[in-house]
Amino acid sequence: MGSGGSKAKTVKIKEIEDTTKSDKRRKSNLSNRESELPRTPEHRKPPKGIRRPSPHRHNRGSGSAPPAENFVPYEAEDLSLTGDWELEKSIDNETPLEDIAYPAPRPGNPAADRNELQKVDFEVIKFQIFRSLVRASNYCTLSHTNPISPKGTFMGVAMALTAPHDLDIARVRALVTWLGCQKIRSRQYGSDTKKGTVLGYMKQIKDLQGTFAGLLTLLCRSVNIPCVIVKGIYRSSNHRVGEDDVTESRCTWCAVYMDGAWQLVHPYLMCTPLSTKSPSDDWKLIESTKSEVPPTKGTILNNFFFVPKPSDFILFCFPDEKKWQLLEDAIPYQKFIKSPFLRSAFYESGMQLKTTASSILKSEGGKCTIKIQCTQENANKTVLMYDLFSLDLELKWGPDEGRVVLCGRNEDTWNVQVKFPVEGTYKLSLFALIDDSWFFWIGDFKIVCEDPYHNFVPAPFVPDDVGYGPSTLSERAGLLCPSHEGGIVFYKPKETHVIKFLVVEKIVLRYALEHSKYSTASLAHHCRLTKHKGEVDLAVTLPLPGQFALRVLKGNAHGDFENVINYLFTSEDDGRSRENVFQRKARWNLREASAGRNVIALEGALAKFTSVKLEPDDDHLRGSRRLRYLKLKKGLRDGRMRRHEDTLAKAVDEAEMSTFRVALRHNIDKAKALLATLQDIEITCHSVLNLEQKTISEIANFASPPKDVHFTMIATYLLLGEKKQHLKKWGNIQTLLRRQGKESIKNRINNFAETPAPDKSTVKRAQKFHDAVPKPYIVSASLAAAAFYDWVSEVLSHLNNCSLNATDGDDSVESQDLDLSESVYLGNKDDENPGNSPRDKAFLDA
């Protein structure tokens, strides 16, 4: 929140009380605001358009209204997206702009906490629409009173909505959310609509005599929240990308003084369904991968338009008065109109444009690239789609000749590359599908191509629903934690790239290398698939430059194979600078170490990569990710070998919190099994620890001990790490028993859980000596020796029950016998058997 929260109460703007007669009337009616709220039946049915409760829709904190599982999401008004709803055609005739002295506008930063705002939305939508909220100590309870009706005065409605909240931002949010629930543009207004009430002004909005900004301004001012109507220009969904004149697209929004700082709120666009498709106009569609059907209705509460970053908001709305940009350096109109035409969902999803920030792009050599970065958490969940249009009516090139758009992901950045075989003017519309549920329009780019791409070769075809790079589809197929998080691999001829996957189940795989000119079978020997202890490696070495597609297919129980992941290998890496011999060697060593299992070698390769002044890139990121996986795996193994409870618990927690938790599930389960037994082992020490040193000395005083006592002490010291040959003589055991301090037998047994576990051969020897002693005999021979006998018995029992946990040298999933068929997917029936040397020679000659 803003830093001026305490100042806001002192800036409650006393000027408002004396400026207009309407303000005085509102002040006099303050004490009677409860009586102004109309009464309705107690069991009122919810308005039309409310969906049934949707579980897990929002997260809620403690001290709020009832659990979020009962959250009732509102649908938008029944507004067809075929109309231009993004432009408010109303006028504002009743709300003066210059009648109140407010603090001067200064640049500010957004102060919105989305989690807290969701709580406000929950309270307003779920409760305040049907019944009033009654605050009690630290929680809210329900009261079977009347809902907040718009028939009341501005002050009465605003006071009822804002009463449960202390911060201004929460109070304004409650007002806007409530406005969105009223269906102002589609409701029927009866004869009881009175002027001077909220309902009366809502009717004015429907009659195009009022605005959402005007209504929010009246509500805010009635509860002493400074609010100003801002007028300006808005680039709506009907904006033609690259158009210079949008002065006719007028709109109004609000600047609200919240918690000591001015913030921007666009109530109309918050409560309006935004279009999900680009206007067609005269554009001719020539290529598309968009498969999702846009919804016919939108949703309300578009969060982007509530307290956005001024630097983002200025790309949508340009105010008439420069001061309301709320920027340190105000931008001119020409910069606004030429800025990228990106939609609000682009910013709401956390995306960033990493290339030229312009709505009009020019191709260089017939090629144009757009890079869009996603958030790390959404990288694998995001699928980018496109529509490519042409403005030329007679296009000599057709879609049947191949695809001109390459849309692939490299780590967390999507690369959209367009190669134009024909000169002309094009429009590229981008769309995104996140987690198979949220589909939205990102924005449009106008691309001018004056010099077409020479020797155009279309990119290899892959199914649109799979695309390039890891996704939820590959994760469901069992290919986990890929070494290459992106779908594009930049290569140089004859260099080897190894793509690694972790697998935890039985799986049958095939692969195929494809090119638009060469057959699939002729490329087979340039890829090699191997498996090793729960890992799958695909080593690709390409001898020629170009673009190749690596397709990986998974077999099912019926013998059919499904394409689950693809990678594009391209030699066109325009972003990598020329490297010297030391840098090339460091990169090569890092790739080699990333494909192996040696932690020390990988750490050294990463350090060398940095020391030769190479910038962190995909190779460095893959090496760092591989190092984290190997360290977690090694930590689990070392924790089991040490058998130290705290060390093992820490290793389990780190693995559980990592992105490799699914791939390491087998290792984590074994570590947890051992962790559960360590406490039991400590309990078995009590019988020995309770012995007095005098009692232990009785055993050492045996000149010639009974055979059962000798065998019991041999088994004891074997488990404590002594050599068998040393224990054959009773005199050596007497010396060990007489030791004091850290070397005493009681101290060594007490610290047994913190020492490395005995190996299998030692456990077997101790078991033989222990089995040779019947329990009744050792009790009759020596009660002190019987205490050691019990300890040895319990320890051997635990070691035998979890022997794999104690002695397994590798944490792999080798025992599952993963079936990874190294074979080639033949997409063409005419392709011959791979491995024919004349065909290989023909490929190299080409």
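Buried here means under 20% relative accessible area, a cut-off applied throughout these views of a predicted model.

**View 1. Helix α8 is largely enclosed by the rest of the structure.** Helix α8 spans residues 198-206, and because seven of these nine residues are buried, the helix is largely enclosed by its surroundings. The buried positions are Val-198, Leu-199, Gly-200, Tyr-201 and Met-202, together with Gln-204 and Ile-205. These buried residues pack against three other helices, namely α6 (154-162), α7 (168-180) and α9 (212-222). After α8 comes Leu-208, a residue whose phi is positive, near 60°.

**View 2. Helix α15 has its buried residues along one face.** Helix α15 comprises the 14 residues 581-594 and reaches 20 Å from its first C-alpha to its last, close to the 20 Å expected at 1.5 Å a residue. Its buried residues are Gln-583, Ala-586, Arg-587, Leu-590, Arg-591, Ala-593 and Ser-594. Seen down the helix axis, the buried residues of α15 fall within an arc of 165°, so they line one face of the helix. An α-helix has 3.6 residues a turn, so residues three or four places apart point the same way. On the other side of α15, the exposed residues are Val-581, Phe-582 and Lys-585.

**View 3. Asn-580 makes a side-chain contact at the start of α15.** In this view of the start of the helix, a side-chain oxygen of Asn-580 reaches to within 3.1 Å of the backbone nitrogen of Phe-582. Phe-582 is also one of the exposed residues of α15.

**View 4. Strand β12 is mostly covered and is joined by bridges to β6 and β15.** Of the nine residues of β12 (382-390), eight are buried. Strand β6 (residues 284-288) is joined to β12 by four bridges, and the two run antiparallel; within this pairing, Ser-288 stands opposite Asp-387 of β12. Nine bridges join β12 to strand β15 (residues 424-434), again in an antiparallel arrangement, and here Ser-390 has Tyr-426 in β15 as its bridge partner.

**View 5. Four strands form an open antiparallel sheet.** The strands follow the order β9-β11-β14-β13, with antiparallel pairing. β9 (352-353) and β13 (405-410) stand at the edges, each with a single partner strand, so one side of each is left without a neighbour in the sheet. For the edge strand β13, six bridges join it to β14 (residues 413-419), and these strands run antiparallel. Among the residues in this pairing, Val-405 has Val-418 in β14 as its bridge partner.

Conventions:
Residues numbered from 1 in each chain as written. Predicted model: local features only at pLDDT ≥ 70, side-chain atom pairs only at ≥ 80, totals over all residues. Heavy atoms only, no water. Expected span 1.5 Å × (residues − 1). Buried < 20%, exposed > 50% of the residue type's maximum accessible area, 1.4 Å probe, protein only. Arc of directions from axis to C-beta. Polar contact = N/O pair within 3.5 Å; in protein donor to acceptor, adjacent residues only side chain to side chain. Contact = heavy atoms within 4.5 Å. Pairing = 2+ DSSP bridges.
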